[in-house]
Amino acid sequence: VIRIWESINKRIFEKAEVIFTISEGMKDKIRKYSKTTRIVVTPNWGSDSLVPIAKSKNPLVEKYHLEGKIVIMYSGNIGITHDLSFILRLAIEFSNNDHLRFIIMGGGIGYKNVKKEIDNLSLKNLLFFDYKSEKEFPLYLSLADFGIVTLTKGLENSSVPSKTYSYLKVGAAIISVADRPNELDRIISSEQCGISVEQHG
């Protein structure tokens, strides 16, 4: 099936006037199918409903006692391939640092297991939220000073999670957690919008 699909891709790509893709990594992969130079990288972007909301104007800051805190957030799907151990380790490591707060927000097949683990840890510096409505989401996402983006091993150069652009739209810096080299590294390096760390364990 893969060989048939690759053959179809090669024929389609060679006939295309222009090929659009979302990343430089994907552009390199497409070149394996086609010798055409007509490949244009057009990055994805976040929803128009997302805009930076100053913490002084965000009612959730007072509601969750986040005044003067640096907030590190993971927002999105909580699935089998979404490793949240990084943010949990950070929350444990900095449990005595009153300047830092951690937020996990989302849902998915792994939601119950993560919630159980968080309940067992009883961390006072970690908040856990379900998915929020379209109206509430910008307020919650704007709590983040740093947004964590993880990349599953093997997808480092062919995936740019959409949450990357959502974080950027509300003014949060990116913490990329992925094996190097990866596409997020390129974005962070070129735009000076975050930091990259490699996955361990």
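In this predicted model, Lys163 lies in helix α7. Lys163 counts as buried because its relative accessibility is 15%, and the cut-off for burial is under 20%. Beyond its neighbours within four places in sequence, Lys163 is in contact with Tyr74, Ser75 and Gly76. Ile148 and Val149 are also among its contacts.

Helix α7 (163–169) also helps to cover the buried residues of helix α8. Helix α8 spans residues 183–191. Its buried residues are Glu183, Leu184, Asp185, Ile187 and Ile188. Other elements covering them include α2 (24–31), β6 (146–150), β7 (173–177) and β8 (194–197). Asn182 caps the N-terminal end of α8. There, a side-chain oxygen of Asn182 lies 3.0 Å from the backbone nitrogen of Leu184. Just after α8, Gln192 adopts a positive phi of about 50°.

In soluble globular proteins, nonpolar side chains tend to be buried together. Here, the largest nonpolar core holds 27 residues. Met73, Ile103 and Leu143 touch the most other members of this core. Two or more residues each come from α3 (59–63), β3 (70–77), β4 (100–107), α6 (137–141), α7 and α8. Helix α8 gives the most, with three residues. A second, separate core has 21 residues. Tyr74, Phe86, Ile104 and Leu126 are among them.

Leu143 illustrates the packing around one member of the largest core. Residues up to four places away in sequence aside, Leu143 touches Met73 and Ile103. Its contacts also include Leu60, Val61, Leu66 and Val71. Lys55 and Asn58 complete the list.

Notes: Residues numbered from 1 in each chain as written. Predicted model: local features only at pLDDT ≥ 70, side-chain atom pairs only at ≥ 80, totals over all residues. Heavy atoms only, no water. Buried < 20%, exposed > 50% of the residue type's maximum accessible area, 1.4 Å probe, protein only. Helix = DSSP H or I, 4+ residues; strand = E, 2+ residues; numbered from the N terminus. Contact = heavy atoms within 4.5 Å. Polar contact = N/O pair within 3.5 Å; in protein donor to acceptor, adjacent residues only side chain to side chain. Core = buried A, V, L, I, M, F, W, Y, C linked by side-chain atoms within 4.5 Å.
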